[in-house]
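Grab a pencil and work through these exercises with the model open beside you. Each one sets a task and then walks through the solution.

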Protein chains: 2
Amino acid sequence: MDELLKQALLYDFYGELLTDHQKEIYEQFILEDLSLGEIARDAGISRQGVHDLVKRCDRTLQEYEEKLHLVSRFLTVKEQIHKIREILDQEPAEDISVLKSEIRKISDEILEEL
Amino acid sequence: MDELLKQALLYDFYGELLTDHQKEIYEQFILEDLSLGEIARDAGISRQGVHDLVKRCDRTLQEYEEKLHLVSRFLTVKEQIHKIREILDQEPAEDISVLKSEIRKISDEILEEL
């Protein structure tokens with residue numbers, strides 16, 4: 001997965017566990033795509049300081065995922081829902097009993113994940 | 001929701017953020033259903049100490065949920081999957097196009113949640 005997308009996803013799940021200061025800086029870097037220099041100027045800290053803070057946030061968010069695996073669980077469920085969508089979109093449509101049994105199977109897998 | 005079930009669910013999601021000592025005691029209380037007195041004897045601490053530790057773990061896990069809402073998101077998805085199952089189990093079966101459109105609608109709702 002693209003590094004920036006991964007960071008945004010981890011932030012979406014665990015961002016509230018960062019401090020307000022960390023959230024402010026990290027959001028500017030990850031979500032608003034400002035440069036380290038721009039963020040540093042606005043926050044009145046050094047470019048290196050911003051860099052270190054971003055790296056620390058990356059590590060913290062990654063550590064939450066290593067402990068909780070919730071992003072990974074959510075992504076698995078999301079993929080399975082997309083599989084259901086593909087089955088629904090098949091043309092020509094499956095026989096109704098085949099369709100039901102395929103969706104039932106995936107929904108079982110999702111419930112095991114939840 | 002039943003208090004013990006809620007505690008077990010929060011522990012399932014966020015338990016790894018507790019310390020090893022907290023996990024050990026909390027699991028004995030929540031999952032193994034030992035009494036405060038039994039846990040206190042095994043751990044060599046007071047009954048009050050066990051009580052305080054359990055209460056602190058309850059608060060900590062609850063605070064994670066207030067920040068992250070991940071249990072609530074998972075429960076919502078779970079309910080929606082059960083709705084899909086109900087549609088699949090309807091007898092007599094719906095017309096295939098109705099069935100597909102109903103499941104598509106719920107899967108859209110799930111994707112918004114993920």
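**Exercise 1. Place I45(B) in its chain and decide whether it is buried or exposed, or in between.**

Start with the location: I45(B) sits in the loop that links α3 (36-43) to α4 (47-68) of chain B. (Helices are DSSP runs of H or I with at least four residues, strands are E runs of at least two, and both are numbered from the N terminus.) Next, check the accessibility: I45(B) is partly exposed, because its relative accessibility is 33%. (Buried means under 20% relative accessible area, exposed over 50%, and partly exposed in between, with a 1.4 Å probe and protein chains only.) Then look for partners: skipping neighbours within four places in sequence, I45(B) is in contact with I25(B), A40(B) and V50(B). (Contact means heavy atoms within 4.5 Å.) Last, pick D89(B): it is 44 residues from I45(B) in sequence, and their C-alpha atoms are 53 Å apart.

A word on ground rules: this is a predicted model, where local features need pLDDT of at least 70, side-chain atom pairs count only at pLDDT 80 or more, and totals for chains, interfaces and linings use all residues. Residues are numbered from 1 along each chain as its sequence is written, chains are lettered from A and ligands numbered from 1 in the order in which they are written, and side-chain values use heavy atoms, with hydrogens and water left out.

**Exercise 2. Do the same for I81(A): which element holds it, and what does it touch?**

First, the element: I81(A) belongs to helix α5 (residues 70-89) of chain A. I81(A) counts as buried because its relative accessibility is 0%. Now the partners, again without neighbours within four places: I110(A) in its own chain, plus I81(B), S107(B), I110(B), L111(B) and L114(B). For a distance check, D33(A) is 48 residues away from I81(A) in sequence and 31 Å away, C-alpha to C-alpha.

**Exercise 3. How much area do chain A and chain B bury between them?**

Count residues first: 34 of chain A are in contact with 34 of chain B. The two chains bury about 3,200 Å² between them, 73% of it on carbon and sulfur atoms. (That is the accessible area, 1.4 Å probe, that two parts lose on being put together, summed over both.) On the chain A side, F74(A), L88(A) and L114(A) supply 19% of the area it buries against chain B, more than any other three residues.

**Exercise 4. Sum up the build of chain A: how many helices and strands are there?**

Chain A has six helices and zero strands. Buried residues account for 39% of its 114 residues. Finally, its C-alpha atoms fill a box of roughly 65 × 30 × 20 Å along the principal axes.
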